[in-house]
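Biologist: I should be grateful for a close look at a single part of this molecule, with its surroundings described in turn.

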Amino acid sequence: MRSIIQYPLPSVGTVLSIGEAMRLAISEAYKGAPYVSPNPLVGAVVVDAKGNFLAAGHHEIYGGPHAEVNALKNLQPEQLKDATVYVTLEPCAHEGKTPSCAKMMAKLPIKKVIFGLIDPNPLVAGQGAEILKQAGIEAEVFGAEHSREFNEIRQDLEEVCEAFLWNFREKKVFVTLKMASSLDGQVALRSGESQWITGPESREYVHYLRACYDAILVGKGTVEFDNPSLNIRHPTIQKQNKVVIIDGEAGLLGKYSSLKLSEAHQSANVFWCVSEQAKEVVQALLAQIKNPPQIVYVKTKIDGSLDLENLLSQLYTLGIRSVMVEGGAMTASSFVDARLVNRLYMFQAPIIMGAGGSRSWTENVRVPTMKEKIHVKNPRYLTFGDDFMISGIF
């Protein structure tokens with residue numbers, strides 16, 4: 001998930017090029033970001049036989065109509081004669097919570113469907129396109145040409161549903177790391193104090209990002225020092241999220257009932273990650289907690305720290321498909337050092353905190369040589385008030 005320019009819908013009748021139509025479909029897809037997981041973000045645009053814009057739609061909420069349905073629902077058959085539908089992902093072939101989009105479009109007088117990516121879901125994976133072809137509708141993957149513009153759009157198509165693609169291709173949780181730092185890369189004072197590095201505009205956007213991922217993940221230190229609610233507080237988004245806490249020795253579990261997060265979340269949405277070796281201690285603590293969180297027992301490494309790959313594997317089994325790591329320096333460093341981060345959101349404020357009395361978010365990451373430096377690929381840049389944000393793929 002990343003930020004892109006939101007394109008306003010053009011007036012009906014506006015002529016769109018192939019690239020413009022697909023960019024508009026991508027822009028539409030992002031409108032569903034807070035609500036569609038575990039489904040992918042999908043947008044669709046319809047143009048008539050002459051390439052004139054007719055309508056657009058997106059997948060709005062999990063279990064609700066898909067993008068193609070929303071884009072086509074108010075159009076009449078005479079408008080759709082020889083029309084083209086642009087959609088960011090191959091139309092679904094299977095019947096799930098909603099009917100098959102491919103079968104729905106196969107009954108319409110449209111001429112062509114151009115889709116951005118083949119759906120990796122084995123229930124689709126080319127079958128949607130085949131249904132359309134069998135109905136006499138042209139179905140093709142976007143961008144056979146190799147122009148620079150189309151290469152950029154193909155990258156945007158990958159990014160718009162990156163978590164979904166990662167889930168199906170790798171069978172793993174998609175991990176985003178969000179950090180807020182000073183210009184000199186510091187995220188907290190040595191005392192642990194970190195509120196507030198960035199301004200209110202950045203913080204509001206972070207709450208939007210929280211809504212775009214299944215869960216927020218922090219370490220024990222963040223909870224101890226800040227006692228955060230870790231919920232979504234955004235003026236236009238109403239959503240209950242999940243929270244993952246890393247507390248290897250279960251040292252904080254006994255205080256759970258007094259924490260703000262226990263008041264802000266249903267216990268079923270809080271996942272407390274502890275070492276397998278702490279099971280006996282945890283069982284004793286749980287007997288004293290009225291509405292305890294979900295306990296996730298995690299394997300440990302030789303140094304005694306939790307095995308983060310095992311932690312993510314267990315979260316995947318529990319149905320969590322994406323997490324945004326918001327922990328402090330130690331938690332951030334651990335995920336980066338383990339090469340488990342898929343996307344980075346780095347907010348920087350125009351302040352200097354000084355390395356002498358502060359903590360860096362990469363303080364435990366070791367890069368032996370410049371050849372081994374970590375690249376942030378396909379970077380995007382935004383500003384929020386006086387703050388600067390860079391987002392990219394790890």
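Which residue of S11 does Ser275 stand opposite?

Modeller: In this predicted model, Ser275 stands opposite Val298 in S11. The pairing to which these residues belong joins strand S10 (residues 270-275) to S11 through five bridges, and the two strands run parallel. In general terms, strands of a sheet pair through backbone hydrogen bonds, in either a parallel or an antiparallel manner.

The wider setting is an open sheet of nine strands with mixed pairing, in the order S11-S10-S9-S8-S12-S6-S13-S16-S15. Strand S11 (294-298) and S15 stand at its edges; each has a single partner strand, so one side of each is left without a neighbour in the sheet. From one strand to the next, the twist averages 20 degrees.

Two helices may be considered together with S11. Helix H11 (residues 279-286) lies across S10 and S11, and runs at about 175 degrees to S11. Helix H12 packs on the sheet as well, with a direction that makes about 140 degrees with that of S11. The strands touched by H12 are S6, S8 (215-219), S9 (242-246), S10, S11 and S12 (322-325).

At the other edge of the sheet, S15 (residues 377-384) is joined by six bridges to S16 (residues 387-393), and these two strands run antiparallel. Phe384 stands opposite Asp387 in S16. The hairpin formed by S15 and S16 has two residues between the strands, and Gly385 takes a positive phi there, near 60 degrees.

Helix H12 also leads to another element, since H12 (308-317) is among those that cover the buried residues of H7. In H7 (residues 162-170), the buried residues include Glu162, Phe164, Leu165 and Asn167. Their cover further includes the strands S6 (174-181) and S13 (343-348), both of which belong to the sheet order given above. Strand S3 (84-89), strand S4 (112-117) and helix H6 (148-160) also contribute to this cover. After H7 comes Lys171, whose phi is positive, near 55 degrees.

One annotated position may be added. An unreviewed UniProt entry places the feature "active site" at Glu68, a residue of helix H2 (residues 67-72). Glu68 is buried, because its relative accessible area of 3% falls under the 20% cut-off. Beyond four places away in sequence, the residues that Glu68 touches include Ala44, Val87, Leu89, Pro91, Cys92, Cys101, Met104 and Met105.

Definitions and conventions
Residues numbered from 1 in each chain as written. Predicted model: local features only at pLDDT ≥ 70, side-chain atom pairs only at ≥ 80, totals over all residues. Heavy atoms only, no water. Buried < 20%, exposed > 50% of the residue type's maximum accessible area, 1.4 Å probe, protein only. Helix = DSSP H or I, 4+ residues; strand = E, 2+ residues; numbered from the N terminus. Contact = heavy atoms within 4.5 Å. UniProt positions renumbered as here; feature names shortened; annotations may be inferred. Pairing = 2+ DSSP bridges. Axes fitted to C-alpha atoms, helices over the stretch in contact; angles between N-to-C directions.
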